Amino acid sequence: MKSDEWPAATIERRKVADLIPYANNARTHSDEQVAQIAASIKEWGWTNPILIDEAGGIIAGHGRVMAARKLGITEVPVMIAKGWSKAQTKAYVLADNQLALNAGWDMDLLKVEMQGLDAESFDLGLIGFDDMTLDALLAEVHFDPGTEDEQGKLDELAPKLVTCPHCHEEWDLREHGQG
């Protein structure tokens with residue numbers, strides 16, 4: 001296939017009942033995650049077509065199809081991957097899920113975005129982060145400078161003896177101007 005050819009170039013609608021889940025789909029979808037996808041569809045509509053093979057077998061979008069069923073949606077947008085071998089189809093079922101997991105987050109930018117959405121009273125539960133992550137992203141941390149008296153208290157708490165993890169020799173930090 002040439003790099004400028006698209007195996008799934010058009011979007012059409014198909015009945016959910018006609019779509020065939022891939023029997024060996026290794027990606028699992030909990031009821032909670034399907035509910036999250038359903039909430040996302042309710043908020044933003046259908047933004048990502050289901051990728052199917054020429055026989056109607058689902059390649060990518062199993063969770064979205066489950067959410068559509070939960071919402072009573074009877075037709076969904078699909079793209080048909082044409083001309084793929086069985087091996088290409090099987091591999092893409094895995095790649096579609098794994099490649100997204102290989103990405104990371106710029107935590108500083110994520111925090112800015114989440115705090116901005118929170119300030120606009122947007123329902124952050126729709127985005128998919130768990131409560132502990134949301135709490136950490138929304139936490140305001142202030143490192144105000146302490147007083148000399150507070151610094152002295154920190155010095156008192158600092159360890160006076162430390163042990164080298166390599167040679168196991170003990171060092172007295174007070175002898176080295178550190179304590």
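The chain on the screen has a secondary structure of 6 helices and 6 strands. This is a predicted model, so please keep that in mind for everything I say.

Starting at the N terminus, the order of elements is β-α-β-β-α-β-α-α-α-α-β-β. The chain has 179 residues, and buried ones make up 22% of them. Its accessible surface is about 13100 Å², with 53% of that belonging to carbon and sulfur atoms. On contacts: if we take those between residues at least 6 apart in sequence, 70% join residues at least 24 apart.

I will spend the rest of the time on helix α2, residues 62–71, beginning with its partner α1, residues 31–44. How do the two helices cross? Their axes come within 8 Å, at an angle of roughly 75°. An angle from 65 to 115 degrees counts as roughly perpendicular, and α1 and α2 are therefore roughly perpendicular to each other.

Which residues meet there? From α1 we have Val34, Ala35, Ile37, Ala38, Ile41 and Lys42. On the α2 side they meet Gly63, Arg64, Met66, Ala67, Lys70 and Leu71. By class, the residues of this contact are 8 nonpolar, 1 polar and 3 charged.

Now to burial within α2. The buried residues of this helix are His62, Gly63, Arg64, Val65, Ala67 and Ala68. Gly63, Arg64 and Ala67 are also on the list of residues that meet α1. What else covers the buried residues of α2? Besides α1, the cover includes three strands: β2 at 50–52, β3 at 58–60 and β4 at 75–80.

One of those buried residues deserves a separate look, and that is His62, which lies in helix α2. Why does His62 count as buried? Its relative accessibility is 10%, and buried means under 20%, so His62 falls in that class. Leaving aside neighbours within four places in sequence, His62 is in contact with Pro21, Tyr22, Asn25 and His29. With Tyr22 there is a specific atom to point at: the side chain of His62 reaches the backbone nitrogen of Tyr22 at 3.0 Å.

Last, the other end of the helix. Just after α2 comes Gly72, with a positive phi of about 75°.

To recap: α2 crosses α1 at roughly 75°, its buried residues include His62 and Ala68, and Gly72 just after the helix takes a positive phi. I can take questions now.

Conventions. Residues are numbered from 1 along each chain as its sequence is written. This is a predicted model: local features need pLDDT of at least 70, side-chain atom pairs count only at pLDDT 80 or more; totals for chains, interfaces and linings use all residues. Side-chain values use heavy atoms; hydrogens and water are left out. Axes are lines fitted to C-alpha atoms, for helices over the stretch in contact, and angles run from 0 to 180 degrees between N-to-C directions. Helices (H or I, at least four residues) and strands (E, at least two) are DSSP runs, numbered from the N terminus. Angles under 35 degrees count as roughly parallel, over 145 as roughly antiparallel, 65 to 115 as roughly perpendicular and the rest as oblique. Contact means heavy atoms within 4.5 Å. Ala, Val, Leu, Ile, Met, Phe, Trp, Tyr, Cys and Pro count as nonpolar, Asp, Glu, Lys and Arg as charged, and the others, Gly among them, as polar. Buried means under 20% relative accessible area, exposed over 50%, partly exposed in between (1.4 Å probe, protein chains only). Accessible areas come from the Shrake-Rupley method with a 1.4 Å probe; for residues, only the protein chains shown count as cover. A polar contact is a pair of N or O atoms within 3.5 Å; within protein, one must be able to donate a hydrogen and the other to accept it, and residues adjacent in sequence count only if both atoms are side-chain atoms.
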